[in-house]
Every structure is written in C-alpha cells, then in structure tokens.
Amino acid sequence: VITSPDSINWTQTSITTVNPNIIRRIAFANSTFVAGGFGGVGYSGEIYYSTNGITWNTSSSIAPSDMSGLAYGNGKWVAVCTSVSSPSQFTPITSANNGVTWSNQSVQTAFGGATDLFFYNGLFILTTTTSKIVTSVDGITWQLAANLTSVILPIAITFGNNVYCALGQGGSIAISSNLVNWTLIQSNYTAPSPLFAFTYIT
C-alpha cells in the first residue's frame, strides 16, 4: 500500500499477510480503509482493514475469488468477486462491521462477471464483462439498469459533474444522467499504459 498526504510525496507500507496476495482494490469510507485482492489458486483471498492506511489488520473472512469491486454505502461494505475459472458470474460479499468479517451472498449468474463497483445516491452500481450496468440497494439483490453492448464494454464507473461516467476498454467513455440511457462521447484513448479505473474529484 502506498500513501500520500498531497499526491506528490508517497510512502510505501507493507501489509503483513498470512499467505501470498496481490491487492486489487482499496477504498476508504466510514473512517476505515478496506483492501482486497486475488482469491483462488496461488493466492490467499485475504481482506484487510485499517483506520489510518498504515497499520493494517487481516479479516477473519476470505474472499471467494478475485475482488473486482469494492464500495461502502447504506451502512455496509460490499465487494464483488469474479474468478478466472468462472468469468461469467460474480459473488457479492458484505460486511457490516468495517471489514472485520464478511458474509458471502448468492452467486449472480444473470449479468456476467464483475469489473467495477461504485456507490452513489443509495445504490451500489456495478459494471460487468457482458457490458451491463447492474444496481443493488443492499449488495444482495441485483437488477439490470442498462445493457451497453452497442455502446461500450465498461470496465469502471463513477459519478461527477451531474453525470454517471463509464470507462470502456481502449479508453472509450460513455455518460448518462440516469443509468438507463447512455451516450458515447469518446471512442478510444491512447494512454501511456492500460486504463482500469478513474474517479471525479471536486
């Protein structure tokens, strides 16, 4: 984990792990940092939590597969996990005690694998490997909001400046005011290295 007070000067902190792991997702909310990584063969699936981003604790729970998204809202943490061996589905896991313990929820097979998770305005908002936007209030029950097959293959999503913004493979970008109707505003972008996440800051 690398932390910075100003986004200019950075300090590296190592998390003591029981087994090998690579962190894929990290988020801060409710006065807590939560991080998770790969699960399955060769990796531990461990989940970590911290109040300061420097000293970390290991959850007693294990992620069922690779953590593809992580967000906090409506009084709980939600993560979505998708494995290489089952890329067309995802398993939501939830925590009501700031990452200390987690509960596996029902495997979701109707939407594709998870690529990102975001929380805004009372909803957990998920992008999938089948170009779908899926939402949930509680991280347990999920419903389709939009199918972006004819627009982009979204790999990340955020909200800012009064619009939802989805990042697609190759740097394509689509926007929406309601999560249902989407407009492609950029078909591609050549970055120094592959894009996989973005955010909006005021």
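**Notebook: strand 13 and the aromatic pairs**

I began at the hairpin of strand 12 and strand 13, where 3 residues lie between the strands and S131 takes a positive phi near 65 degrees. I note at the outset that this is a predicted model.

**Strand 13 and its neighbours**

I looked up the pairing next. Strand 12 covers residues 123–128 and runs antiparallel to strand 13, with 4 bridges joining the two. I checked one position across this pairing: F124 stands opposite S136 in strand 13.

Then I turned to strand 14. Strand 13 and strand 14 also pair in the antiparallel sense, over 4 bridges. I picked out I133 here and found its bridge partner in strand 14 to be A146. These two strands form a hairpin as well, with 6 residues between them. In that turn I noted G139, which has a positive phi of about 80 degrees.

Is strand 13 enclosed or open? I counted burial: 5 of the 5 residues are buried, so strand 13 is largely enclosed by the rest of the structure. I then split the strand by face. On one side K132, V134 and S136 are buried. On the other side I133 and T135 are buried, so both faces are covered.

**Aromatic pairs**

How many aromatic pairs does the whole structure hold? My search returned 8. I took F33 and W56 to begin with. Their ring centres are 6.3 Å apart and their planes stand at 55 degrees, so I logged the pair as tilted. The angle is not over 60 degrees, the cut-off for edge-to-face.

I placed both residues in the chain. F33 belongs to strand 4, residues 32–37. W56 sits in the loop between strand 5 (46–50) and strand 6 (57–62). The two are 23 residues apart, and the pair links distant parts of the chain.

I compared their exposure. F33 has 24% relative accessibility and counts as partly exposed. W56 is buried, with a relative accessible area of 13%. The cut-off for buried is under 20%.

Next I took F90 and W142. Their ring centres are 5.6 Å apart and the planes stand at 85 degrees, so this pair is edge-to-face. F90 lies in the loop between strand 8 (76–81) and strand 9 (91–95). W142 lies in the loop between strand 13 (132–136) and strand 14 (143–147). I noted a gap of 52 residues, so to speak of distant parts of the chain being linked is right here too. Both F90 and W142 are buried.

I went back to F33 and W56 for their surroundings. Ring pairs link F28, F33 and W56 into a cluster. I also looked for a charge over a ring and found R24 over the face of F38, at 5.0 Å from the ring centre.

**The whole protein**

I closed with overall values. The protein has 0 helices and 18 strands. Its radius of gyration is 16 Å, close to the 17 Å that the globule rule gives for 202 residues, so I wrote it down as being as compact as a globular protein of that length. Along the principal axes, the C-alpha atoms fill a box of roughly 45 × 40 × 30 Å.

I added burial and surface. Buried residues make up 47% of the 202 residues. The protein exposes about 10,200 Å², and carbon and sulfur atoms supply 53% of that area.

My last entry concerns contacts. Of those with a separation of 6 or more, 38% come from residues 24 or more positions apart.

Terms used:
Residues numbered from 1 in each chain as written. Predicted model: local features only at pLDDT ≥ 70, side-chain atom pairs only at ≥ 80, totals over all residues. Heavy atoms only, no water. Phe/Tyr/Trp six-rings, centres within 6.5 Å; stacked < 30°, edge-to-face > 60°. Buried < 20%, exposed > 50% of the residue type's maximum accessible area, 1.4 Å probe, protein only. Lys NZ or Arg CZ within 6 Å of the ring centre and 35° of its normal. Pairing = 2+ DSSP bridges. Rg over C-alpha atoms; globule rule 2.2 N^0.38 Å. Contact = heavy atoms within 4.5 Å. Areas by Shrake-Rupley, 256 points an atom, 1.4 Å probe, with all protein chains shown as cover.
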